[in-house]
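Work through the exercises below with the sequence and the 3D view side by side, and try each task before reading its solution.

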Amino acid sequence: SVYNASEGSLSHLVITFVPKPDRWALSMGLLPYTNINYNFIQSFNDSSLGAFRDVYSGSGSLYQAYIGGAYKFKSSISDRNQFSVGFNIAYVFGKLTYQKIISLPDSVQAYSTRNVTEMNVSGANYQVGVQYKTTIREKQPNDDRSAIFMTIGLAASGTFRMNAKTS
């Protein structure tokens, strides 16, 4: 008897464009969002039913396809001050499956049960951010390796609409 098996997967797919280095960039890709893979078994013994087992399992993945960008503004005051903005917009999609099984192997009068819930998820979310960076101290002019910087940022995120069809 011969058994052959193979498996492959793609975890991340990202493409980045930098049309103007040190000024602005664009990125797009497909990333894992969440992954579920579990299987729990509990064995019990009941005086009237006999031995039985509860099995809980879950499987599936959600992915996000995104596009994002960042832009750094030139400061009119000095090169020591930099203001940047960035954004990501993502579409989240995938399927999750949850099962609960109660099996009664020793009982002729009781039936085993299985409850399977499948959830197809889709929706969109976003992240935006702003950042201000300034040079506090510079030992040698125009040498970032000898400088001390202070960076202050603000980020926000939200969901446009998430849909989940359950069966």
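The exercises that follow concern a predicted model, and each is solved step by step.

**Exercise 1.** Find how many helices and how many strands the protein chain has, and in which order the elements run.

*Solution.* Begin by counting the elements, which gives 0 helices and 6 strands for the protein chain. Then follow the chain from the N terminus, where the elements read β-β-β-β-β-β.

**Exercise 2.** Determine how strand β2 is joined to strand β1 and to strand β3, and in which direction these pairs run.

*Solution.* Take β1 first, which covers residues 13-20 and is joined by 6 bridges to β2, residues 24-46, with the two strands running antiparallel. Within this pair, Phe-17 stands opposite Leu-26 in β2. Next look at the connection, where 3 residues lie between β1 and β2 to complete a hairpin, and where Asp-22 in the turn has a positive phi of about 65 degrees. Finally turn to β3, residues 50-73, which is joined to β2 by 22 bridges, again in an antiparallel arrangement. In this second pair, Pro-32 stands opposite Tyr-63 in β3.

**Exercise 3.** Identify the residues of the largest nonpolar core, and then list the contacts of Val-121 beyond its neighbours within four places in sequence.

*Solution.* The largest nonpolar core has 5 residues in all, namely Ile-36, Leu-62, Val-92, Leu-96 and Val-121. Because a residue must be under 20% relative accessible area to be called buried, and a nonpolar core is built from buried residues, each of these core members meets that cut-off. For Val-121, once neighbours within four places in sequence are set aside, the contacts are Leu-62, Val-92, Phe-93, Gly-94, Met-162, Asn-163 and Ala-164. Across the whole protein chain, buried residues make up 23% of the 167 residues.

**Exercise 4.** Locate the nonpolar surface patch and decide which element gives the most to it.

*Solution.* Start with the members, since Phe-73, Phe-83, Val-130, Tyr-132, Ile-136, Ile-148, Met-150, Ile-152 and Leu-154 make a nonpolar surface patch of about 810 Å². Sorting them by element shows that β5 (113-138) and β6 (147-166) are the elements that give two or more residues. The largest share comes from β6, with 4 residues, and Ile-152 is found in this strand. For the protein chain as a whole, the exposed area is about 12500 Å², of which carbon and sulfur atoms supply 54%.

Conventions: Residues are numbered from 1 along each chain as its sequence is written. This is a predicted model: local features need pLDDT of at least 70, side-chain atom pairs count only at pLDDT 80 or more; totals for chains, interfaces and linings use all residues. Side-chain values use heavy atoms; hydrogens and water are left out. Two strands pair if DSSP finds at least two bridges between them. Patches are made of residues with over 30% relative accessible area and no salt bridge: like charges are joined within 9 Å, nonpolar side chains (Val, Leu, Ile, Met, Phe, Trp, Tyr) within 5 Å. Accessible areas come from the Shrake-Rupley method with a 1.4 Å probe; for residues, only the protein chains shown count as cover. A salt bridge is a side-chain nitrogen of Lys or Arg within 4 Å of a carboxyl oxygen of Asp or Glu. A nonpolar core is a set of buried Ala, Val, Leu, Ile, Met, Phe, Trp, Tyr and Cys residues joined through side-chain atoms within 4.5 Å. Buried means under 20% relative accessible area, exposed over 50%, partly exposed in between (1.4 Å probe, protein chains only). Contact means heavy atoms within 4.5 Å.
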